[in-house]
Amino acid sequence: MERHRRTWISAFLALALFAGLAALPQALHSGGKPPWAAAAQNASPVALADAPAPPPALTLSAVAMPVKPDDAPASPPGHLPEAFDPATNTRIDQAGLVALEDGRLRTLLHHSNRIIAPTVVPFPGARPTLVLPARPAPYTLADLQAAGAVVAVSQPGAMLLVDSVLVEASAKLSLGGNDISTLLMNTSPTGYTSLVTWGGTLTLAGDSADAPLTITGWDQAAGQPAQNHGYGRPYIRAVGGRLDLRNARVSSLGFWSGRTGGVAWTGINRQPSTGGATSSTFTGNTYGAFVSRADRVAFKDDLFQSNELDGLRLHRAAAGVTVTNSASARNGGNGFNVSRGATSDVLRGDLAIHNAANGFLVNGQPLVGGASPSGNRAAASVGTLVDGSDAVANLRSGILVEGGDGTVVRNSVVSSALTGIAVRTGASNTTLTGDEVLSGGRVALSIGPSVTGTTVAGSTFIGARIGILVRNSPGVRLMSNRVAQMSLFAISVRGSSPGVVGNDNVLSGRGFSAIDVRAGASAPTLVSTDTKGWQRRSDLSWAGYLRYHPLLATWLVILALCTVCVIAARCRRRPQLPYRHIAAWQSKEAMPTQATHPAPSFAGAAMAAAAVALTP
């Protein structure tokens, strides 16, 4: 009897132990956040906001403040005529023009080991080039004057650059200060000038923001800033060297490609370019500034305005670039473009306003979809940070993230008439925290398609048709966000989007549903969601019905056009002379009286002939 009692006690204790172990996870998490929320907080690369708070105000220096930001953006370059090469008596396109420029630089570099003193080297089909070899002391304006590369003009403190300049490795050229306040870089149909350092150092600096160094592409024959007519424009470039601009005003430079697009930092053969720009402006160039294969180039208090393409473009292998308290306004492309292959770049406290494309474009997609020419797979860009920046009145998205891994957008303010923030095309582990989107367009935040692991925390989305739209994107985490004044849905999940979870979100507005699920999507797991401020509406006005049913609106437009055409055809008066090429038409009353008998008809003539034939 005692043995049976001990057996029952042991079985009961074992059952209690298993029950306790099974209930342990629920007991541990019952009083706190859900496990997926804690995992999101721990896995996030940055601290996530617990509740929406106003982002810090953006402050810009007087130099970086945009000029007339409400004016129209610059027009992108259209079709340019082919250039003429006098050396070969042939015409070349823009790509060929850049290839010729690359060939000129490489040829000069190949023969530069025989140059031991500043020498002007002629080159077929281009302007002569002043080659500055290495020496301990830096070159100055006086050296350029002695070689005849610059000449004085009537304007006080201004010089005209008539020959291109190549600064060799270990050489230094410094322009600016009391000697020169304006540098005009000459261009004409027969050639253009350039300032290039290949492994050396080029410094262009004014005394202060009130006494800057002005650098302008100049058409001497027309007496005006250089225009892009298809035969090239002056440009400034660092090739594996250092380029520094301070208190500079750069305008009317560049053509076609990035490396000849205006002011460019480019590296070669594992030798990155360095330097940067401070308190400088880039206006009316092809690209405002272009960075590729560069290391830790720094931009601070700069303005990129009215350039034909992007204001600032960070291209492949641009690593560790920082852009601080700068503005990009009224450009023909994107304001700030972090394109494929750029990694670990930081944009902090910047303003993108009224650009023809996106305010901020972070394109972290791989350079190629499969294997690279070397056989290795090209990896996506990682670690781009957009912090405390504003995107206002850009004609496309305020901030667009395409591809890339670990992109962070935080404490930024976006105001857009279309899409506020968009994350799409293979982006992974993107974090949006503490942002404020004021959108009067279709979607405040669009996630997808093909996006994984997106975290949105402590952000505010106000005034759009849809607050947060998730399309074919798994693993979206929504925590402590405020979605207000939506007219259709606060959160809409569509397609294959499993794992959409969230907590402590506040949804308000007046529309069909606060949380919408369609196109075969799984219902999101949202706990502690406040929808008290949501007003549900089930009917639509005729205008709203057409707005949400574009196919019906299309057919109504077609029907209206057909009706207008029919009415116009019936109301059209017949012409008085429809057959002018045959004879003028007259009514019966207007016909003249015939003096003779009318001719008999053919039938009457035939009957008369038959009667005559039958007469004996």
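Here are a few short exercises on this structure, each with a worked solution.

Before you start: this is a predicted model, where local features need pLDDT of at least 70, side-chain atom pairs count only at pLDDT 80 or more, and totals for chains, interfaces and linings use all residues. Residues are numbered from 1 along each chain as its sequence is written, and side-chain values use heavy atoms, leaving out hydrogens and water.

**Exercise 1. Get an overview of the chain.**

Step 1: Start with the helices and strands, which are DSSP runs numbered from the N terminus (helices: H or I, at least four residues; strands: E, at least two). The chain has seven helices and 52 strands.

Step 2: Check burial. Buried means under 20% relative accessible area, exposed means over 50%, and partly exposed lies in between (1.4 Å probe, protein chains only). Of the 616 residues, 48% count as buried.

Step 3: Look at contacts, meaning heavy atoms within 4.5 Å. Take those between residues at least 6 apart in sequence: 61% of them join residues at least 24 apart.

**Exercise 2. Which residue forms a salt bridge with Asp-102, and where do the two sit?**

Step 1: Recall the rule: a salt bridge is a side-chain nitrogen of Lys or Arg within 4 Å of a carboxyl oxygen of Asp or Glu. The whole structure holds 11 of them.

Step 2: Find the partner. It's Arg-237, with the closest N and O atoms 3.7 Å apart.

Step 3: Place the pair. Asp-102 is in helix H3 (residues 94–111) and Arg-237 is in strand E15 (residues 235–239), so this bridge links distant parts of the chain, 135 residues apart.

Step 4: Classify both ends. Asp-102 is buried at 18% relative accessibility, and Arg-237 is buried too, at 7%.

**Exercise 3. Is Arg-296, the salt-bridge partner of Asp-295, buried or exposed?**

Step 1: Locate the bridge. The side chains of Asp-295 and Arg-296 meet at 3.1 Å, N to O.

Step 2: Read off the accessibility. Arg-296 counts as exposed, at 61%, while Asp-295 is partly exposed, at 24%.

**Exercise 4. Describe the bridge between Arg-410 and Asp-387.**

Step 1: Take the distance: the closest N and O atoms are 3.4 Å apart.

Step 2: Find the elements. Arg-410 belongs to strand E36 (residues 408–410) and Asp-387 to strand E33 (residues 385–387), with their positions 23 residues apart in the numbering.

Step 3: Classify them. Arg-410 is partly exposed at 23%, whereas Asp-387 is buried at 11%.
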